[in-house]
Amino acid sequence: SDTSNFESTNALNTATTVGQQQDGIIDRSAFNAYTQLRQIAEKYRIEDKLEVPQLVIVGETSTGKSMLVQNFLRFPCSFAQANIATRCPVAYRLRYNGVLKDGEIRFRESEGLKPENLADHLKDLMKHIEVEYKATGGFRIEPYVVEIESNKYTDFEIIDIPGLVGGDHNKDHREAVEKIAERYVRDSKFEIVQLKETTQLKHNSYGL
């Protein structure tokens with residue numbers, strides 16, 4: 001409607017007058033614009049019309065994928081250690097909840113789970129998948145969903161897929177990981193972020 005369009009424009013104009021103070025990974029003015037637009041969407045009951053950005057993180061093992069995810073989540077979640085690998089896509093669905101207090105994080109899908117327990121929770125899940133899906137290389141193509149709320153999040157989804165292993169001689173392992181990666185890379189609704197080690201970038205610059 002004209003009213004909602006006017007309010008949306010006004011919200012954006014108001015937000016851009018705020019100083020460029022940084023709050024974590026998003027500019028304060030951009031975050032203020034987001035929260036005001038979300039309030040307008042709730043007022044006119046059109047929340048389902050807001051498009052949620054979806055990001056897929058692709059890269060070989062040990063290229064920093066978990067660190068990038070943690071930057072968005074604002075708390076440690078890495079379970080990477082000896083003999084523990086990502087065995088299925090993990091979909092982190094971040095949701096804005098203005099009712100929560102600063103620093104408060106709530107899990108919607110896994111009741112009772114806390115930020116400090118997430119890494120161990122995922123580690124146990126990956127061990128289980130490795131055994132249960134042994135026939136398919138120890139990997140599962142279906143994602144495991146972690147839905148989290150905070151008053152510092154914008155609605156956003158991050159897909160962390162199993163790392164590609166360069167030179168892996170295990171055919172089942174390699175094919176399973178490539179199949180998972182292809183599923184998301186070929187889906188146009190996802191934005192793709194590929195991580196590489198600096199040594200890889202140097203080799204690429206020389207055509208090696």
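Me: What makes β3 and β7 count as a pair?
Reply: β3 and β7 share four bridges, in the parallel sense. Two strands pair if DSSP finds at least two bridges between them, so these two qualify. One partnership to look at is V56 with I159 in β7. This is a predicted model, in which local features need pLDDT of at least 70, side-chain atom pairs count only at pLDDT 80 or more, and totals for chains, interfaces and linings use all residues. Residues are numbered from 1 along each chain as its sequence is written, while side-chain values use heavy atoms and leave out hydrogens and water.

Me: Why are β5 and β8 called edge strands?
Reply: The open sheet has six strands in the order β5-β6-β4-β7-β3-β8, with mixed pairing. β5 (106-107) and β8 (191-195) each pair on one side only. For β5, the partner is β6, joined by two bridges and running antiparallel; F107 stands opposite I148 there. As for β5 being a strand at all, DSSP runs count as strands (E, at least two residues) or helices (H or I, at least four), numbered from the N terminus.

Me: Which helix packs on that sheet, and at what angle to β7?
Reply: Helix α3 (residues 65-73) does, touching β3, β4, β6, β7 and β8, and its direction makes about 160° with that of β7. Angles here run from 0 to 180 degrees between N-to-C directions, with axes fitted to C-alpha atoms, for helices over the stretch in contact.

Me: Q70 is in α3, but why is Q70 called buried?
Reply: Because its relative accessibility is 14%, and buried means under 20% (exposed is over 50%, partly exposed in between, with a 1.4 Å probe and protein chains only).

Me: And how do you know that the Q70 side chain has a polar contact with C77?
Reply: The Q70 side chain reaches the backbone nitrogen of C77 at 2.9 Å. The cut-off is a pair of N or O atoms within 3.5 Å, one able to donate a hydrogen and the other to accept it, so the pair fits. Looking beyond four places away in sequence, Q70 touches F75, P76, C77 and S78 (heavy atoms within 4.5 Å).

Me: What makes up the largest nonpolar core?
Reply: 27 residues, where L73, Y92, L118, L122, V146 and I158 touch the most other members. Membership takes buried Ala, Val, Leu, Ile, Met, Phe, Trp, Tyr or Cys, joined through side-chain atoms within 4.5 Å. The largest share, five residues, comes from α4.
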